[in-house]
Amino acid sequence: MCPARIYGHKTLSNNLDSWRFVLIALVVVNHALLLTAEPAADYGHLDRALIVLTRAAVPALSLFSGYLFVGSTRSSLLGVARQKARTLILPFLAWNTGAVVVLVLLNETFKIVPEALVATQSRYDLVNDVTAFHGAPANAPLYFLRDLFITFMAFSLLRPVLRHPVGLALAMLAVVVNYGLDLDERIIIRNTIPVFFLMGFGLRTFPQLMVLCGRAVLPMAILSAALLPIWAFGNTHLGDPTVLDLATLTAFSILVIGLVIRLPNWPSLSALGKRYSFVIFLTHWWVLLGLAAVWDHFGWSDSYYRAFASLVAVGVGVLTANLISRLPGPIASALSGGRLKQPSHRFPTGGARPTHG
C-alpha cells in the first residue's frame, strides 16, 4: 500500500517537521565540527565520520523542500515568486543585512580590515554584501535560502515537464551532470540542492518511489554504515563532487525518508520543528562563531566546544523565535518567513506517546 495512503500527506508533513528539527540540529553540529576541525588535513577519523554524517542533513532538507513543493505551490509562477520571496528571501535579506551592518560598524570603529572600510568600497561590493548575489553571505549558512529560492523558481518553470517520468529523468540527469562538473561558481547555486530537490519532487509526484523508500530502510542503513568507514579512514576529500560523495549523501537521504515513513509521528517534536527549526538555522552561525572565539581565547577543549556550542546555538534559536513571535506581525513575519505569526503561550505537550496521526 502507498505510504501516502497509510499516513496521508498531512501526517507525512508533520513527520517531516519532526525530522526537520533533528536535521537542523545536525546542521548546527556540523558547523561546530567544521569550526574546530580546520585545516582539513588535521581531521581525525572520528571528525571525518561525524562531518560526513551531519553534512548529509542539508541534502535531506533539500529533499523535504522538493517533496513539499509539489503539494504546496499550485499557483502561477508569479504566485510562487511571491510566496517564496516572503518565506525565503525576506528572512535572508533581513538576517544577512543585520550581519553586514554589525560587521561594517565594527570595522568602521576598530579598522580591523582597512581595505574593507565603506569609503574604499564600491557600490557593487556594498550591495553584494547585503544580497550575496555573487559569493557567500555574511551569515554564511543563509546561502541555502538564496539557492533554494532560485531552485524553486527554476523548477516552477519546468513543473509541467517534471510531472512526466521522462521529463523528470532528463532533469535529474542534467542536475547530476552539473554536480559532477562542479559548476557552482558558474551558476551561482550549490550543486547538491537541485539534485536532492528533484529527488523530493519525484517522491511526491510518483508515490511508488515512496513505497521503495519505505522498504529500503534496512538496505540504506547497511549501505550508509558501509560507506562511513571509507570516509573516516580514507584519503578522500570531503565535499568533492565525486560518485562516492553523491552516493553517500543519497544513501543517507533515502534512509531519512524511509524513517520518516516508517516511524510514528511525535506531536511535540513536530511542534518544535514547525516553530523553531527555521529560526535556529537563521541564528546559529554567529552563536557558534562567538563561542569559538571564546574557546580560542582560553584554549579550551574542542570536544567540549562542539557539544556546548551546539546546545547553546539551539537554545538561542528557541529563545530568539519566542522573542520574534512577540514583535508586531509584519516584523515577525519578515524575520521568520511567516512561520511565527502567532505567539506560543505554552510549551507543546503530548510527546509521551507516538501517534500515526
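The second largest pocket of this predicted model has a volume of about 920 Å³. A pocket here is an open set of points on a 1 Å grid over the protein atoms alone, with protein on both sides within 12 Å along at least five of seven lines. Lining residues have an atom within 4 Å of a point, and a volume is the space filled by probe spheres set on the points, which are joined across faces, edges and corners.

Of the 32 lining residues, Asp 17, Arg 20, Leu 68, Lys 84 and Arg 339 are the closest to the centre of the second largest pocket. Two or more residues each come from H2 (9-36), H4 (57-72), H5 (77-110), H7 (143-157) and H15 (267-298). H4 gives the largest share, seven residues.

A cavity, by contrast, is a set of points where a 1.4 Å probe fits but cannot get out. The structure holds two cavities of 30 Å³ or more, and the largest has about 50 Å³ of space. Its lining consists of Leu 12, Leu 16, Tyr 67, Met 210, Ile 257, Val 260 and Ile 261. H2 and H14 (243-262) are the elements that give two or more residues to this lining, with H14 giving the most, three residues.

Here are the two linings by class. Ala, Val, Leu, Ile, Met, Phe, Trp, Tyr, Cys and Pro count as nonpolar, Asp, Glu, Lys and Arg as charged, and the others, Gly among them, as polar.

| Lining | Nonpolar | Polar | Charged |
|---|---|---|---|
| Second largest pocket | twelve residues | eleven residues | nine residues |
| Largest cavity | seven residues | no residues | no residues |

Now to the chain itself. It has 17 helices and zero strands; these are DSSP runs numbered from the N terminus, helices being H or I with at least four residues and strands E with at least two. H15 has a kink of about 50°, centred on Tyr 276, where the bend is the angle between axes fitted to the seven residues ending there and the seven starting there. After H15 comes Gly 299, with a positive phi near 65°.

Of the 357 residues, 46% are buried, meaning under 20% relative accessible area with a 1.4 Å probe, protein chains only. The chain exposes about 17,700 Å², 69% of it from carbon and sulfur atoms, by the Shrake-Rupley method with a 1.4 Å probe. Among contacts (heavy atoms within 4.5 Å) between residues at least 6 apart in sequence, 80% join residues at least 24 apart.

Residues are numbered from 1 along each chain as its sequence is written, and side-chain values use heavy atoms, leaving out hydrogens and water. Local features need pLDDT of at least 70 and side-chain atom pairs count only at pLDDT 80 or more, while totals for chains, interfaces and linings use all residues.

Technical notes: Buried < 20%, exposed > 50% of the residue type's maximum accessible area, 1.4 Å probe, protein only.
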